[in-house]
Amino acid sequence: QVQLVESGGGLVQSGGSLRLSCAASGSIYIIHDMAWYRQAPGKQRELVAAIGRGGGTNYLDSVKGRFTISRDNTQNTVYLQMNSLKPEDTGVYFCNADIATSRYQSPSTYWGQGTQVTVSS
């Protein structure tokens, strides 16, 4: 069984910073792409940032230049450094990873339970 556990959310004032972490554990052979999504009240879940195993990244346009995604493959962990936060960044942030549990299996997609980020104006 594989688990993703997020941490680092909270309440911050506009212009502040937060760093989210997501650690994968369990029966892991290899982790491919990892990503952060967010869901604001009444809105659909959206991709915020993604990172490949080799370090290639892509970002939602509205967070470019403010957020940085990174990963530590030795710790099976993905991070999201969020700077210059705005009230519109408020939402539940979920991590996501494509994980193979053996060399003979195709990867499956796993989700964390989510962590709340609230940015006050």
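## A buried cysteine and its partner

Cys22 has a relative accessible area of 0% and is therefore buried, in a model that is predicted. The cysteine at position 95 shares this environment, because Cys95 is likewise buried, with a relative accessible area of 0%; both values fall under the 20% cut-off that defines a buried residue.

These two residues are also bonded to one another, since Cys22 and Cys95 form a disulfide in which the sulfur atoms lie 1.9 Å apart. The link joins distant parts of the chain, with Cys22 in strand β3, which covers residues 18–26, and Cys95 in strand β9, which covers residues 91–100, so that 73 residues separate the two positions. When the whole structure is searched, one disulfide is found.

## The four-stranded sheet

Strand β3, which carries Cys22, also belongs to an open sheet of four strands, arranged in the order β1-β3-β8-β7 with antiparallel pairing. The edges of this sheet are formed by β1 (2–7) and β7 (67–72), each of which pairs on one side only. From one strand to the next, the twist averages 15 degrees.

In general, the strands of a sheet pair through backbone hydrogen bonds, and the pairing may be either parallel or antiparallel.

## Pairing of β1 with β3

The edge strand β1 and strand β3 run in the antiparallel sense relative to one another and are paired over six bridges. Within this pairing, Val5 has Ala23 of β3 as its bridge partner, and strand β3 is also the element that holds the buried Cys22.

Definitions and conventions: Residues are numbered from 1 along each chain as its sequence is written. This is a predicted model: local features need pLDDT of at least 70, side-chain atom pairs count only at pLDDT 80 or more; totals for chains, interfaces and linings use all residues. Side-chain values use heavy atoms; hydrogens and water are left out. A disulfide is a pair of cysteine sulfur atoms within 2.5 Å. Buried means under 20% relative accessible area, exposed over 50%, partly exposed in between (1.4 Å probe, protein chains only). Two strands pair if DSSP finds at least two bridges between them. Axes are lines fitted to C-alpha atoms, for helices over the stretch in contact, and angles run from 0 to 180 degrees between N-to-C directions.
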